[in-house]
Amino acid sequence: MRKAYLTALGAALAVTAVIGLMPHSGIGKGKGEVAVFHPSEMKRLTSSNLVDAIVGLQLTGRVGKVQWTQAVLTVEMRADDEKQTERWYRDMEKLIRLSFTQMENVNRLLIRYVDAKSDGQLLFAADVRRNDNWLGEDFNELSDADPLHDELWRKRLRIAYTSLLEERLGPIDTYSAEPLPSS
């Protein structure tokens, strides 16, 4: 019995040593590293990949809540800095890009910015839909836009803002891309 045990132990050690030396033996050289995990490109948003999709965006702002219900993605962003509108716009663009260029099954994106300092009071909200014409034609212009002050982008993104936002940023209707009326 003891001899059989020692033989089995010796065989196990030999197999372990051979397996341990295989990467250094030259077998399979030239193939490079082999990936253990193959990241798959997400094409459809689901409850199981929702967190991965949002985290993968590397948003600069803080995410409050995220909800995925019947092809509608709702994201609540917490605005803690008063004059960080450029950051807000970049995050909005990332969310729109994820929803309508990367995912096939998001039909509507609702983005809400709430004030982190005043118990989550709404500052502004955007409502973007897959069937919006500008998504195909003018999407790249969004990166240079000022969606809160530019009337055209406020309409495209269906932005609604509150008086609290105007208290923080000043009058919102002060800038528009529409040409001035000639006198």
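**Figure 1. Helix α1 and its span in the predicted model.** Helix α1 covers residues 2-21, and at 1.5 Å a residue its 20 residues should span 28 Å. The C-alpha atoms at the two ends are 29 Å apart, which agrees with that expectation. The model shown here and in the other views is a predicted one. None of the 20 residues of α1 is buried, so the helix lies largely in the open.

**Figure 2. The protein chain as a whole, with six helices and five strands.** Read from the N terminus, the elements follow the order α-α-β-β-α-β-β-α-α-β-α. The chain has 183 residues, of which 36% are buried. Among the contacts with a separation of 6 or more, 57% are made by residues 24 or more positions apart. The exposed area of the chain is about 12,100 Å², and carbon and sulfur atoms supply 53% of this area.

**Figure 3. The open sheet of five strands.** The strands are arranged in the order β1-β2-β3-β4-β5, and their pairing is mixed. Strands β1 and β5 (160-161) form the edges, each pairing on one side only. Strands of a sheet pair through backbone hydrogen bonds, either parallel or antiparallel. Within this sheet, β1 (residues 62-69) and β2 run antiparallel and are joined by seven bridges. Strands β2 and β3 (residues 108-115) run parallel, with eight bridges between them. Eight bridges also join β3 to β4, and these two strands run antiparallel.

**Figure 4. Strand β2 and its partners on either side.** Strand β2 comprises residues 72-79; six of its eight residues are buried, so the strand is largely enclosed by the rest of the structure. Val-72 of this strand can be followed in both pairings. Towards β1, Val-72 stands opposite Thr-69. Towards β3, Val-72 stands opposite Arg-108.

**Figure 5. The hairpin of β1 and β2, with two residues between the strands.** Most residues other than glycine have a negative phi. Gln-70, in the loop between β1 and β2, is not a glycine, yet its phi is positive at about 45°. Ala-71 is placed in the same loop as Gln-70. Ala-71 is likewise not a glycine and has a positive phi of about 70°. The two loop residues are also described by their accessibility. Gln-70 counts as exposed because its relative accessibility is 75%, and exposed means over 50%. Ala-71 counts as buried because its relative accessibility is 16%, and buried means under 20%.

**Figure 6. Asp-127 and its surroundings in strand β4.** Strand β4 is formed by residues 121-129 and includes Asp-127. With a relative accessible area of 10%, Asp-127 is buried. The side chain of Asp-127 is joined to that of Arg-108 by a polar contact of 2.7 Å. A polar contact of 2.8 Å links the side chain of Asp-127 with the side chain of Arg-129. Leaving aside residues up to four places away in sequence, Asp-127 touches Arg-108, Leu-109, Leu-110, Leu-157 and Arg-158. Arg-108 thus appears in this view as a polar partner of Asp-127, and in the pairing of β2 with β3 as the residue opposite Val-72.

**Figure 7. Strands β3 and β4 with helix α3 packed on the sheet.** In the antiparallel pairing of β3 with β4, Tyr-113 stands opposite Phe-124 in β4. Helix α3 (residues 85-102) packs on the sheet and touches β2, β3 and β4. The direction of α3 makes about 155° with that of β3.

**Figure 8. Helix α3 and the elements that cover its buried residues.** Helix α3 has 18 residues and reaches 24 Å from its first C-alpha to its last, close to the 26 Å expected at 1.5 Å a residue. The buried residues of α3 include Trp-88, Tyr-89, Met-92, Leu-95, Ile-96, Leu-98 and Phe-100. Thr-85, Arg-87, Asp-91, Glu-93 and Ser-99 are also buried in this helix. Their cover includes the strands β2, β3 and β4. Helices α2 (50-56), α4 (134-137) and α6 (163-169) are likewise among the elements covering the buried residues of α3.

Definitions and conventions:
Residues numbered from 1 in each chain as written. Predicted model: local features only at pLDDT ≥ 70, side-chain atom pairs only at ≥ 80, totals over all residues. Heavy atoms only, no water. Helix = DSSP H or I, 4+ residues; strand = E, 2+ residues; numbered from the N terminus. Expected span 1.5 Å × (residues − 1). Buried < 20%, exposed > 50% of the residue type's maximum accessible area, 1.4 Å probe, protein only. Contact = heavy atoms within 4.5 Å. Areas by Shrake-Rupley, 256 points an atom, 1.4 Å probe, with all protein chains shown as cover. Pairing = 2+ DSSP bridges. Polar contact = N/O pair within 3.5 Å; in protein donor to acceptor, adjacent residues only side chain to side chain. Axes fitted to C-alpha atoms, helices over the stretch in contact; angles between N-to-C directions.
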